[in-house]
Structures are given as C-alpha cells and as structure tokens.
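Dear colleague,

Please find below the structure that I am handing over to you. My notes on what was found in it follow directly after.

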Amino acid sequence: MPETSPRLIAAKTLVHALALTPLAILAWQFHDVWRNGSDALGADPVAEIEHRTGLWALRMLMIGLAVTPLRQLTGQPVLLRFRRMLGLYAFFYATLHLAVYLGLDLRGYWTQIFEEIVKRPYITVGFAAWLLLVPLAITSTQGLMRRLGRRWGQLHKLVYAIGVLAVLHFWWLVKSDIREPLLYAAILAVLLGWRVWKRFSPRRTAATR
C-alpha cells in the first residue's frame, strides 16, 4: 500500500489519535487537580502520573513487538508501516516517564538521579532501558535507515533487551501485587518465544527433510 494511500493515511491518523489519547486524559486530569484541587489522580498525583506514563511506554513497546507476529500470522505486510510509529511512541512515553520523575518526583534535584541509579535496582534497569531506546529513536528516520543498511536491523534488535529491562523495571517497582507485571512478562515471553520459534523452525523442517 503506497504511503499516500487514503486508507493508510486514515489508519495512521487513527493510530496517532489512539496513542495520544492516554496523554490527553492525563493532561485533562492534571489540569483539574491543579486548578480545582480534585482527586482525579488519586492521593499521590505524581506517583499516578509516573505510573501511567511508564505503563503506556511499556504497552506501546509490547504493541510494537506484536506487529511482526501479527504480520506473519495475517500475511498483511502493511502492518509493518506502523512498527516505527509505535516504537517512537514507546520512547515518547518513556521520556515523559523519566521527565516526570526528574521534574516532579526529584523536584529538580537532578544530580540525585545518579545516586538513585546506584541505590535502587529498579531505577537502574529502567534508566538502562531508556538509554537503549535513545539510539533507536534517533535512527528511526528513513535517511539513517538507508545509510546504516544491515546495521540498522542489528541495532534495532536492542528492542528485545529493552523489553526485558522494561518488564524487570516494572516487576521490581511493584512491592506486593505482581499480577500486572507478571501479565506483561508473559506477553513478552510469548512475543520473544514466537521469534525464536520462527527463526529455528525452518531449520528443523529442512533437517527433517
């Protein structure tokens, strides 16, 4: 499907709208708390904002990782047109998550981040996941994709490690009820397991023959 196809443009517009909806809701609730002192964000608004931005970063990452299996199952290569967009939204929400932590949680005492990274393992792995996302976001332009060639694909395989670190960050952050991080761990295991199976199943078939 051509990039200028009306159907593709409409589909991408819909994906953009859906991806930005959580942020729009969060912004409206934050405005309500700021102006009216409501409890729209619960007893701890900063923690709630951190949780939601981090959760949507993880969700966008999982959805992006699901594109390739869905394309292989459905035989619809057009789905790959959305993978880069979803990856950039994962980086966008992860950056918001980090910015909220630095600006609202640490309240501008940014030098503490290095102490926190050393002291708290969940911050260590979360920050590592964000750092690995940075080169993927930077190299997501068409020009750099062509310039890097095969190295682009090799670089973007970092997304698998990022997925593991992001789930681990969520798991270690939760102190008691691990059902939600366990769900994302299971989703990630299925998505990565599918890739392993697809990579080695043709070899097994050839060996059998």
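In α8, the buried residues (under 20% relative accessible area with a 1.4 Å probe, protein chains only) are Val-159, Ile-162, Gly-163, Leu-165, Ala-166, Val-167, His-169 and Phe-170. This is a predicted model in which local features need pLDDT of at least 70 and side-chain atom pairs count only at pLDDT 80 or more, while totals for chains, interfaces and linings use all residues. Residues are numbered from 1 along each chain as its sequence is written, and side-chain values use heavy atoms, without hydrogens and water.

Helices are DSSP runs of H or I with at least four residues, numbered from the N terminus. The 16 residues of α8 should span 22 Å at 1.5 Å a residue (1.5 Å times one less than the number of residues), and this agrees with its end C-alpha atoms, which are 22 Å apart.

A pocket is an open set of points on a 1 Å grid over the protein atoms alone, with protein on both sides within 12 Å along at least five of seven lines; its lining residues have an atom within 4 Å of a point. The largest pocket is lined by 37 residues, and Thr-68, Arg-83, Trp-152, His-156 and Val-159 lie nearest its centre. Helices that each supply at least two residues of this lining include α2 (45-74), α8 (158-173) and α9 (179-208).

The second largest pocket has 29 lining residues, with Glu-50, Gly-54, His-97, His-169 and Leu-173 nearest its centre. Here α2 gives the most, with nine residues, and α3, α5 and α8 are among the helices that each supply at least two.

Yours faithfully

Definitions and conventions. 1 Å grid on protein atoms, 1.4 Å probe; cavity = no way out; pocket = protein on both sides within 12 Å on 5 of 7 lines; lining within 4 Å. Buried < 20%, exposed > 50% of the residue type's maximum accessible area, 1.4 Å probe, protein only.
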